[in-house]
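Q: Here's a model I'd like to go through with you. Please pick one part, look at it closely, and then set it in the context of the whole chain.

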Amino acid sequence: MAILKEINPVKTYLGKLSHNTDLLEELTGFCISHNITLGRIDAVGAVQKARLAYYDQENKTYRFFTINRHLEITSLTGNITIKDGKPIVHVHITLADKKGNAFGGHLAEGTIVFACEVCIQVFQGETFKRGFDRTTGLPLWEMGE
Ligand code: ZN
């Protein structure tokens, strides 16, 4: 059964990231420095190169890959919660090349910003903590099931 909790937005940040920075490190660093422990993120922009991951469900491990090309961020969406006591940004991204071909996956460190406009919405209330889930092998939210 699905478990969803009602949460309310308290604050929204809108801004841009700096050229030539690491996309995931910048998002995570902002959340840590602003003590954001529950929220959502979306963004658009472009990257100079991308490093993503695909979760191999059979082997329960991430397969990392790099795309060494200039790409548009056609969609970036994700959330902010807590893992091991620190804010963790979990983001998936879809990128497109000059022909419109799309690539996507779980955003990893090593994706370099060309330009990026970001919206971060902060939610009120107790954060969701991540813990190891035996079924999937992933650090999923512990929601009292
Ligand atoms: Zn993911």
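What does Lys49 count as on relative accessibility, buried, exposed or something else? Please start there, then follow the strand it belongs to.

A: Lys49 comes out as partly exposed, at 33% relative accessibility. On this scale buried means under 20% relative accessible area, exposed means over 50%, and partly exposed is whatever falls in between, using a 1.4 Å probe and protein chains only. Before going on, a word on the ground rules: this is a predicted model, where local features need pLDDT of at least 70 and side-chain atom pairs count only at pLDDT 80 or more, while totals for chains, interfaces and linings use all residues. Residues are numbered from 1 along each chain as its sequence is written, and side-chain values use heavy atoms, with hydrogens and water left out.

Lys49 sits in strand 2, which runs over 39-56. Helices (H or I, at least four residues) and strands (E, at least two) are DSSP runs here, numbered from the N terminus. Leaving out residues up to four places away in sequence, Lys49 touches two runs of neighbours: Ile67, Asn68 and Arg69, plus Gly110, Thr111 and Ile112. A contact here is heavy atoms within 4.5 Å. Take Asn68 from that list: its C-alpha is 4.8 Å from that of Lys49, though the two are 19 residues apart in sequence.

Go back along strand 2 and you meet Gly45. With neighbours within four places set aside, Gly45 is in contact with Glu72 and Ile73, and also with Ala115 and Cys116. For a sense of scale, Pro9 is 36 residues from Gly45 in sequence, and their C-alpha atoms are 24 Å apart.

Now head the other way, to Tyr55, also in strand 2. Tyr55 counts as buried, with 15% relative accessibility, whereas Lys49 is partly exposed. Beyond four places in sequence, Tyr55 touches Lys60, Thr61 and Tyr62, and then Thr136, Gly137 and Leu138. Leu76, by contrast, has its C-alpha 17 Å from that of Tyr55, with their positions 21 residues apart along the chain.

Two of those partners are worth a visit. Lys60 is in the loop between strand 2 and strand 3 (61-67). Its backbone is the curious bit: Lys60 has a positive phi of about 50° without being a glycine. It counts as partly exposed, with a relative accessible area of 41%.

Leu138 is the other, placed in the loop between strand 8 (129-132) and strand 9 (139-142). Despite that loop position, Leu138 is buried, at 17% relative accessibility. Its contacts beyond four places in sequence include Tyr55 and Tyr62, together with Gly131, Phe132 and Asp133. So Tyr62 shows up twice, touching Leu138 and Tyr55. Leu71 is a long way off: 28 Å from Leu138, C-alpha to C-alpha, and 67 residues away in sequence.

What comes just before strand 2? That is the loop between helix 1 (23-33) and strand 2, and Asn35 is found in it. Like Lys60, Asn35 is a non-glycine with a positive phi of about 50°. Asn35 counts as exposed, at 60% relative accessibility.

Zooming out, the chain has one helix and nine strands, and read along the sequence the pattern is β-α-β-β-β-β-β-β-β-β. Of the contacts with a separation of 6 or more, 68% join residues 24 or more positions apart. Buried residues make up 39% of the 145. The radius of gyration is 16 Å, which agrees with the value near 15 Å for a compact globule of 145 residues; that radius is taken over C-alpha atoms, and the globule rule is 2.2 Å times the number of residues to the power 0.38.

There's a metal site to note as well. The zinc ion is coordinated by His90 (NE2), His92 (NE2) and His106 (ND1), at 2.0 to 2.1 Å, and its donor residues are spaced H-x1-H-x13-H. Donors are N, O and S atoms within 2.8 Å of the metal (3.2 Å for Na, K and Ca); water is not among the atoms, so sites may look incomplete. Both His90, at 25% relative accessibility, and His92, at 40%, are partly exposed.
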